[in-house]
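User: I am new to protein structures and would like a close look at one part. Could you walk me through the salt bridges here, slowly and in plain words?

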Amino acid sequence: GMNAAVRAVTRMGIYVGAKVFLIYEGYEGLVEGGDNIKQANWLSVSNIIQLGGTVIGSARCKAFTTRAGRLRAARNLVEHGITNLCVIGGDGSLTGADIFRSEWAGLLEELVRDGQISEEVARENCRLNIVGLVGSIDNDFCGTDMTIGTDSALHRIMEVIDAITTTAQSHQRTFVLEVMGRHCGYLALVSGLASGADWLFIPESPPEDGWEDLMCERLGETRSRGSRLNIIIIAEGAIDRSGKPISSNYVKDLVVQRLGFDTRVTVLGHVQRGGTPSAFDRVLSSKMGMEAVMALLEATPDTPACVVSLSGNQSVRLPLMECVQVTKDVQKAMDEKRFEEAIQLRGRSFENNWNIYKLLAHQKPAQEKSPFSMAILNVGAPAAGMNAAVRSAVRIGICQGHTIYVVSDGFEGLAKGQVREVGWHDVAGWLGRGGSMLGTKRTLPKTCMEKIVENVRKFNIQGLLVIGGFEAYEGVLQLVEARGQYEELCIVMCVIPATISNNVPGTDFSLGSDTAVNAAMESCDRIKQSASGTKRRVFIVETMGGYCGYLSTVTGIAVGADAAYVYEDPFTIHDLKANVEHLTDKMKTDIQRGLVLRNEKCHEHYTTEFLYNLYSSEGKGIFDCRINVLGHLQQGGAPTPFDRNYGTKLGVKAVLWMSEKLQQVYSKGRVFANSGDTACVIGLRKKVVAFSPVTELKKVTDFEHRLPQEQWWLNLRLMLKMLANYQISLTEYISGQMEHVTRRTLSIEKGF
């Protein structure tokens, strides 16, 4: 994801009229100067967004830790007129940048005293502004929900776990997987949660004394219930309660000696740092990079060095050294064996992940049998992550003592009585499965209401968890509206949004949309590669999503598309003409290829075929065109780590909420739920999981086009256009994205 950040900072900097310089080989290049500092142009960062690592290099530099080294670095910056520095790295790199900034005035004085620069030059460069972007696969920096590179590292880990799972099942083996994380267990924790690992070691929560006996007992229990494999995940920094390291080989020898299982160790190592970045990392880095430029533009002499962080789906600025201090406090708590505090300092998300993993990893008998029965079903088109949500909902329901039913084939299956009770182990192995294991159909309840009511009564269903897309939301709304006619429907209902279109009201993200964006992105990466080989070729790619342009827009940002046409952002023939002219100009440069995305229902008349004919005709003799309709490949494939983790969390939170509501509406041996707040959509809004009554959401829904009336991601449209070409004005960007930026910032002339 670092290259996406470099691209965004460079293009945004050029956009605001600044000179932009790329410093190669990190602080080493800053100290050495010369050819390591080069001015960039718009094309310098073309076609790098899909590359792993960083094209400008990175190196550890001992010289920069000394004042003499920082003096040389200051001389090199002044030589190029650079007074704004964007640093992408971990807490060490960012701390070094803050020290450099605090010494800046003294360093300039020394350079004047030594005769290396004049007093006039020192006055012109009297201030150094610093902004940081956190690049670390460990996600070990406090103050941000996610650091650049973490999601891509999780993709690499899950690819390995999925591959190992197949061989482990075939040979009935136990695998011990060691992942990176010398001081932070985030990668181990999330990959353990996303794979349903049998045992997990993280440095923030060492196992209790005697863990060896308990672990072997649990592994043996799992095998005795019919499982053919065991997965143990261990962070490289795992320790026991006394601070002694726990190695993967020690765990392997333990399993072999005590249980006699065929056991293998796989150390993932630097595989986790490589490969193409995920869609999440590309979009995150692009957002952060643009926010970093705005932060530098707005900086005053009193502004402390800041770090651009992610909070929910928003980029925010936080004081750099405060975040560094909290990050150091975590390590101090671990060193002093205050492990519970260390987990809390890591943040609410880390703590939630850890608690949910402990809930779902091993079956714990319910304290008492509850009087409630719940049914779980999938509705609408398949979406990755549905199975993860079903698995966690089933298991947490069993932990609560409920009777849990699953329904095949959605509302149609409920009408036909395709209902069966499930146990803990019936959903083992579901986490990594794509599609819908229960089967899913688009049928709505109004076509078979009486039969649904009959089966709700027959199976005494008091809670209904519906996992699906717009049809799931619409179906529950129909059931709620039928409560006045059928008392049996006065039950607790919850919708978990799961659709690649991301068009369900009440949530910023639907299950499956991340997997779909990654699938579309991977296809577009290959298409771009093809275009690079043939030269002078423009690809028009059609994505799914119905009337919702989320998939097309986010994929467009992730692949650096020249344009993405969507229904929510109306366009005319003049816009199409402008895009053709942009591509014609582009073909005159070294970048002789184009990529245009079109949402399947973006315009009634400007179809994919129309765009192909228009571009072919207008570009005749300059470029040729090809069409690609991505189709159902966007619905398939294994779920991404995000969708597995998100589905797991939503399943747990939905059932806990339903359990609480059931208790509230239970009286005299029966459930009677007829208020609006007993039928909700669960969703992530900014960074809070919220429950929104379907009756309230009805007021803000466009049912004709199956869309929420307001969609947060439309703010990303301006970023897509700005990073692609010059067709959007800066004033429009600022007014749409960051209204607090004043016009005076546009006059900046210093370089980055």
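Analyst: Happy to help; what follows is a tour of the salt bridges in this predicted model. Some background comes first: side chains of opposite charge can pair when their charged atoms come close. In this structure, the count comes to 36 salt bridges.

Let's start inside a helix. Glu 159 and Arg 156 are joined by a salt bridge, with N and O 3.5 Å apart. Both residues belong to helix H6, which covers residues 150–171. They sit three residues apart, about one turn of the helix. How exposed are the two partners? Glu 159 is partly exposed, with a relative accessible area of 45%, whereas Arg 156 counts as buried at 11%. That label fits because buried means under 20% relative accessible area.

Next, look at Glu 336, which forms a salt bridge with Arg 338; their closest N and O atoms are 2.7 Å apart. Here Glu 336 is partly exposed at 42% relative accessibility, and Arg 338 is partly exposed too, at 29%.

A further pair is Asp 624 and Arg 626, whose closest N and O atoms lie 3.6 Å apart. Asp 624 counts as partly exposed at 30% relative accessibility, and Arg 626 is partly exposed at 35%.

Finally, salt bridges can be linked into a group: Arg 67, Arg 70, Glu 103 and Glu 110 form a network of them. Try finding these four residues in the structure, then go back to Glu 159 and Arg 156 in helix H6.

Definitions and conventions: Residues numbered from 1 in each chain as written. Predicted model: local features only at pLDDT ≥ 70, side-chain atom pairs only at ≥ 80, totals over all residues. Heavy atoms only, no water. Salt bridge = Lys/Arg side-chain N within 4 Å of Asp/Glu carboxyl O. Helix = DSSP H or I, 4+ residues; strand = E, 2+ residues; numbered from the N terminus. Buried < 20%, exposed > 50% of the residue type's maximum accessible area, 1.4 Å probe, protein only.
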